[in-house]
Amino acid sequence: MTTLTPILTKFWDDPQSWTLATYEKNEGYQALKKALTMAPADLVAMTKESGLRGRGGAGFPTGMKWGFLPPPDGGPRYLVVNADESEPGTCKDIPLMMAAPQFLIEGVAITSFAIGCNHAFIYLRGEVVHVYRRLLRAVEEAYAAGHLGKNIHGSGFDLDVTVHAGAGAYICGEETALLDSLEGRRGQPRSKPPFPAVAGLYARPTVVNNVESIASVPPLLLHGADWFKGMGTQDSTGFGIFSLSGHVKNPGQYEAPMGITMRELLDLAGGMRHPERPIKFWTPGGSSTPLFTDEHLDVPLEFGAVAKAGSMLGTRALQVFDSSVCVVRAVDRWTDFYKHESCGKCTPCREGTWWLKQILGRLEHGQGSEADLDKLLDICDNILGRSFCALGDGATSPITSSIQYFRDEYIAHLTMGRCPFDPNDAVLFTTKETVSA
Amino acid sequence: MTLIHEPDLGTPAVANDHDVTLTIDGRAVTVPEGTSVLRAARGAGIDIPKLCASDNLAAYGSCRLCLVEVEGAKGTPASCTTPCADGMVVRTDTDTVHALRHGVMELYLSDHPQDCAGCARGNCEIQALAVQTGAAEVRYGRGGASHLDDTADTSNPYFTYDPKACIVCNRCVRACGEVQGTFALTVQGRGFDSRITAGGTDFLSSECVSCGACVQACPTDALTEKSVIQLGMPSRTVVTTCAYCGVGCSFKAEVQGSGDDTRVVRMVPWKDGGANEGHSCVKGRFAYGYASHRDRQLSPMARDSIDDEWQVVTWEEAITRVAEGFLALREKHGVGSIGGISSSRCTNEEVYVVQKMVRAAFGNNNIDTCARVCHSPTGYGLNHAFGTSAGTQDFASVEQADVMLVIGANPTDAHPVFASRMKKRLRAGAKAIVADPRRIDLVRSPHVEAALHLPVRPGTNVAFVNAMCHVIVTEGLWDEPFVRERCEDADAYLAFIAGPEHSPEATQDVTGIPASDLRAAARLFAAGPNSAIYYGLGVTEHSQGSTMVMGMANLAMLTGNLGREGVGVNPLRGQNNVQGSCDMGSFPHELPGYRHVSRPEVREIYESLWGVTLQAEPGLRIPNMFDSAIGGSFRGLYVQGEDIAQSDPNTSHVEAALRAMDLVVVHDLFLNETARFAHVFLPGASFLEKDGTFTNAERRINRVRPVMPSRVGKDEWQVVCEIATAMGYPMSYAEASHIMDEIAATTPTFAGVSFARLDAEGSMQWPVTQAAPHGTPTMHVGSFVRGLGQLTETVYVPTTERANRRFPLVLTTGRILSQYNVGAQTRRTPNSTWHPEDVLEIHPSDAELRGVTSGDVVELSSRVGTTRLTALVSDRMPAGVVYTTFHHPVTGANVVTTENSDWATNCPEYKVTAVQVEVVTQAARANAGAGADVPADAVAGRP
Ligand SMILES: Cc1cc2nc3c(=O)[nH]c(=O)nc-3n(C[C@H](O)[C@H](O)[C@H](O)COP(=O)(O)O)c2cc1C
Ligand code: SF4
Ligand code: SF4
Ligand code: SF4
Ligand code: FES
């Protein structure tokens, strides 16, 4: 039985968890002081050695990403933290920044020192105004304590941190769209190459990392790569925050070693909300990752094993759906999200997500025909791997996987001429206004 | 001739010495490293479909039609965003790829009108691709929301935006940003709701400058010229040159019909045009309608007295009247009593023939040109310093510049296509120093911000440039090896400029430029490494215009910024052929090629060819002609293509001179202001009817080709030859190219020029000689044309025109984008939609002092005259300076400008006039009722 490893979530219950004082009581800023005595190249090497993989979804090795920056040429280099967390189901970065923002800020300082950056940016999802305030205050505190600003702790290293709030577009979590948005442009993904490491923010070498990736750096540095590797699996080392939502007894953030299984997490979360209703399907990494079913409860939640089982670990956003849920309805809702969030740059996604929504809406209401299923799969085929960025790919995941596992349920809609489920069964509170068929 | 389709390779060419070789559909293709797979394939004749790509725009990758398979690569990468690599194996013709293209096309067509007008016209790339990909049918049905009911925006006078046909490929948005640099367009909404918008308003009210780059970029019928909608698609192309400004853009005139029935459907900038590389401005692309305007005068006319009505006469009669009139005046008042004025609007061939007529048939050197009123100091100053009366670079040079000093020029309005190139370079990181009293657009516009704006007071340019040189010398920033090796009189100059009277601290009260800013500018310019100077009429039209040109030459020499790409002293010429008309010997003291009439060996060339004896004394300049006319010794004038009564300074003096003459002959498209004083009117041909060449600001000789036959039955050069012949000096050429042959045979810098060579090369920059058979983009490489560069002690002498108690403000003048000079052409096109009248820009505090608000009619007076205009209160102006344009005759800004002029060339001091401004009608408050109290901030604060 795997047990929890509270590191980033360790003192969230402290009544003043977000203050610098609480953080400093819990080893805060010791890692920075250590880092400032080290050679930046050694910091990069240690991160590589730890095996830390990006926590923003794709799982790219963090140390390697830092190592891609070209040698310094005297011009600016940037660290940009991706705090746009908008993937349906994902809720780890926002609670972390709310509960213990100094992890991120210390991580920003160490990473900036490691990559030779003197101005770092945190791009925050625009809707979370409360987190914005908290981050601003935390940055202020860090400046006041000399952890940021000029000549940090007498090291000669200068660092400014700017917190920028986005304007409410999921696409701005895609790293190149984020950079365009941060530069004041319309947030749309850029062509790669050039990659951000070569020409990122303001066309300068830039590292873009997820909040959790950066927040993991201080404990990693303080306790060493071996300590970190001592957790998790060979494929995915260390710990991570798993956010459980949906039909579980105790939804929330569970910080555990990588490779823990859904069955274990469900146990830790107190089981299903209605014990009599079995789990029907779940997402391993947010709505953009193909659905899993009860067949997959023992798949180790690490990048490799999840991929092998046909999905993606993504952001470890585990949304749990019990037998009361209509999968067509759930997929229709997600598709609505992608249709709404498609940035509109590329044709397959712009036109395709719109048609996906049209067709799914029809199907959920028992209209349309079986040919529509093929049309859906056909459009998905036109989008997956053909769209400009991964948003389009993500839009196809719930559709193709749900048809794969629940084709009969789609057909049932057609034969019955309506949805076979009562949506009010699936919700926590019955509210006729919000849940209409 | 048929319609020219220029190939579009999809992504821009890449300059790289290193080549890579890849295999596309089994064929080995070698391209410079960095080239996209799309371009490599298309270049090799493999037609990968594309919609969002165009080879004047950076790859964007949005349409997903160009997907290909690459061995070893995941998925199907977009070929437009995938750079070629050595050994890459690409397949464009597989089943997967075909299925993908089919699927994407189907998605496009699912929201595209089936009965699109563009299809019928064949003005749409979608249509061809639908056929190519076999996606004629759409399986999605037409239910649900779509954009098929969207309404078109027809606000722009020249083109429409019909969102129904739009496929959101973003080409228009990118063209507006990347090519034009205006950033007026964007996409509003996201996903399926994505729509192109001109900043949320209609096109006309937006920031759009109507350059047409978006229309050209649009692959569908969404953005289409109204002329195409009205007339249908063109059927043949004639490549020619814009006749507006000195940028000299090349265009494909796309026309229907032939002979007298030729109709221009649209003008499309030519990709191979050396000056514009496929871009244009609103004037060149759209404002050609004046050529068929009903005001155009198509037959010769004559009258005995200017108080009589005009009588239409035959060409024969007109020419006889002119010839006999001039002969009689010469008989009676002497050989110097007649003369001619040639035009910078006309072709080199026409100008050459006019000066030949004056020198050979009139028998004197009384030939001058309207370049007198704009760039004569450029010729004088640059010739003095370097030995050539021309700019030192080509336009492409700006792409290598690190620092640009822009002075006395407003390129975004007056030289828009070159301004776009400047802005592109500035966006790429070059720095600009803008010296101009007004806060022009280059100071700050989207994605462009000047490093420094120096609000130099009108009339103090020389003090400014001296201060720049002073800092560079006294701070040891000058390029000593360059100066020692390539310049003369260095020690005297260095001692002169180091004098404390030139320091920024000593001159800041004169120039209005804070010493610290000036020092920063000098240091930035000296640091370069490539620093270039671009200037316009704000430099030349001053009493010290020539001195200032030499001052800038000093600055360039001191910092070693000459003789390579990215540097130089670059005049931005006002009119299309200012450079050419000066080259062609249209000054009274110079034969073609800037050779003084006093040089016997030069006269000898022409005397033997023309069979006449030429006068060794320079003739009269334009102002001297006017003075002599009023004095009674100058009696007859031939004026081609220039409206001297409107464009020359001190209008009342000019009118008096014209009235005093016995024979004034006007050769023009329209009955202009000068024609009011003319006795014979000869109708001219528009640029669409001309065969010849124009030479632009970078010395580039461009071909002007007749799109249609002359609408007046004769070419202008032919008329001139007939006048000369009728005067007893036979002149004739079988065709215009023979005139160029004569120019080439007699002018060393044109030795290698002929129509045939120009047609073959596209264009050439003079000198075109045996040593430089393809022309000379960059001059003074290694050594100056005159040998050593001449450093000149440029003493600052303040103009006598100064603000005083009666006339406390300084007026300066300029141009606006949509209008051109005195407006004879542009006012006769829908360009007036943007600029229906000249306005007076005035600083808020000057306005408040006089109770002026925007919209008020004000009286503008100087010591020579008064005029009325509408005021625009604007913080673009510095306090103490007011500004207006001179495009509309009713305003007559030149009614107030004075007779002051450049000491060396008599170029008028248009840029400095002491004036007073008084309210005549209070527009805003008139409605509010007399005596109504208007809050002070409402008066002062209007934009
Ligand atoms: C549509 C889309 C949305 C994304 N949203 C986020 C996000 O909110 N937060 C995040 O960290 N990464 C997001 N990503 C992934 C980023 O592009 C990028 O991979 C990540 O920030 C890299 O950080 P990491 O290496 O630390 O994981 C998104 C990607 C896509 C395609
Ligand atoms: S896949 Fe969707 S979100 Fe991504 S670029 Fe294309 S339209 Fe935009
Ligand atoms: S208007 Fe034309 S160029 Fe612009 S996005 Fe639409 S189709 Fe493309
Ligand atoms: S920039 Fe000048 S030459 Fe070019 S199109 Fe405009 S007016 Fe004509
Ligand atoms: S041409 Fe390559 S994606 Fe449009």
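**Close-up views of a predicted model**

**View 1. The shell around ligand 4 holds eight nonpolar, five polar and one charged residues.** Here Ala, Val, Leu, Ile, Met, Phe, Trp, Tyr, Cys and Pro count as nonpolar, Asp, Glu, Lys and Arg as charged, and the others, including Gly, as polar. In this predicted model, local features need pLDDT of at least 70 and side-chain atom pairs count only at pLDDT 80 or more, whereas totals for chains, interfaces and linings use all residues. Residues are numbered from 1 along each chain as its sequence is written, with chains lettered from A and ligands numbered from 1 in the order in which they are written. Ligand 4 is surrounded by 14 residues (C-beta atom, placed from the backbone, within 6 Å of the molecule), the closest being Cys242(B), Tyr244(B), Cys249(B), Cys281(B) and Gly284(B). The elements that give two or more residues to this shell are α8 (282-286) and α13 (416-427) of chain B (helices are DSSP runs of H or I, at least four residues, and strands runs of E, at least two, numbered from the N terminus).

**View 2. Ligand 3 is surrounded by 14 residues.** Cys166(B), Cys169(B), Cys172(B), Cys218(B) and Ala222(B) come nearest to ligand 3, and its shell divides into 11 nonpolar, two polar and one charged residues.

**View 3. Domain 2 of chain A meets domain 3 of chain A through eight residues of the former and 10 of the latter.** Contact requires C-beta atoms, placed from the backbone, to lie within 7 Å. On the side of domain 2 of chain A that touches domain 3 of chain A, four residues are nonpolar, four are polar and none is charged.

Technical notes
Contact = placed C-beta atoms within 7 Å.
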